[in-house]
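Here are some questions and answers for a reader who has not met this structure before. Please look it over first.

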Amino acid sequence: MKLNHEKGSAPLYFQISNILKEMIEEGEFSSGDLFYSEKQLQEMFGVSRVTVRQAVSSLTNAGYLQCSRGIGTTVTFRKIDENLKRVISFSEEMKQHNVEMETVYSEIFLENPNKAVASALKIDYNNKVYKIIRVRNANNQPLVYSTTYLNLDFDFPLEPKLYEKSLYEFMNREFGIHIISAQDTLEAVSANQTISQHLKIPVNSPVFKRSRWAQDQYLKTIEYSICFYPGNKYKYSVMI
């Protein structure tokens, strides 16, 4: 893997940590997987052990890796973890703020998941998944663009209108699915062309990204969702 050695470029350890971080986020490693050894990283990037250790230390501090004596380095991606007394849907969340939501775009179809989605749902990537894409407005302005993946354990109808309201309420009513636990990962990112189009904001505008893994009453991962909110319209607060 090529690094930029030109004068004025970012430190090598920083470049390496960004490359490795992207690999983890893209699903090349799952939480709990054994990560590359220092020797492997030295050979991959052609750098010293000191540089490798700086990169690994950076990822460890960011919550992506954990180093354990006698075991090695393991992946611990999904650092940000909010323990909720009760998991609620986005619709219910908005109701608590007296905000009326309107779904202005909805579609559902089957597709083969990429490795990251398959890992999140704990399924083989050769299996198909349901993919739901929605855009929801508040006060006639786009507030969230979401992509939700569901496994094939249940026969979800391919009728977009059925998913214009709360997905959790629909799954509970039609299939007896109770979402009892979830983990949210929160990030600040820039809007790409697709996000820009759905949220009606300029490309590269700041957006708030929330990824969620949700489990049912049998502790089976049912949902993996990725939601984007305009940075100037949404904020997330956690009491600690």
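Q: In which hand does α1 pass α3?
A: In this predicted model, helix α1 covers residues 12-25 and helix α3 covers residues 49-61. Their axes come within 8 Å. The crossing of α1 with α3 is right-handed.

Q: Is α1 parallel, perpendicular or oblique to α3?
A: The axes of α1 and α3 cross at roughly 50°. Angles under 35 degrees would count as roughly parallel, and 65 to 115 as roughly perpendicular. The crossing falls in neither range, so α1 is oblique to α3.

Q: How many residues of the contact of α1 with α3 are charged?
A: On the side of α1 the contact is made by L12, Y13, I16, S17, L20 and K21. From α3 come T51, Q54, A55, S58 and L59. They divide into six nonpolar, four polar and, as for charged residues, one.

Q: Which are the edge strands of the six-stranded sheet?
A: The sheet is open, with antiparallel pairing and the order β3-β4-β5-β8-β7-β6. An edge strand pairs on one side only. That holds for β3 (101-111) and β6 (181-190).

Q: Which residue of β7 stands opposite E187?
A: β6 pairs with strand β7, residues 206-215, in the antiparallel sense over ten bridges. Opposite E187, in β7, stands K209.

Q: Which residue in the hairpin of β1 and β2 takes a positive phi?
A: Strands β1 (residues 65-68) and β2 (residues 72-75) run antiparallel and are joined by four bridges. Q66 has T74 of β2 as its bridge partner. Three residues lie between the strands, and the positive phi, near 85°, belongs to G70.

Key:
Residues are numbered from 1 along each chain as its sequence is written. This is a predicted model: local features need pLDDT of at least 70, side-chain atom pairs count only at pLDDT 80 or more; totals for chains, interfaces and linings use all residues. Side-chain values use heavy atoms; hydrogens and water are left out. Two strands pair if DSSP finds at least two bridges between them. Helices (H or I, at least four residues) and strands (E, at least two) are DSSP runs, numbered from the N terminus. Axes are lines fitted to C-alpha atoms, for helices over the stretch in contact, and angles run from 0 to 180 degrees between N-to-C directions. Angles under 35 degrees count as roughly parallel, over 145 as roughly antiparallel, 65 to 115 as roughly perpendicular and the rest as oblique. A crossing is left-handed if the near helix is turned anticlockwise from the far one by less than a right angle, and right-handed if clockwise. Contact means heavy atoms within 4.5 Å. Ala, Val, Leu, Ile, Met, Phe, Trp, Tyr, Cys and Pro count as nonpolar, Asp, Glu, Lys and Arg as charged, and the others, Gly among them, as polar.
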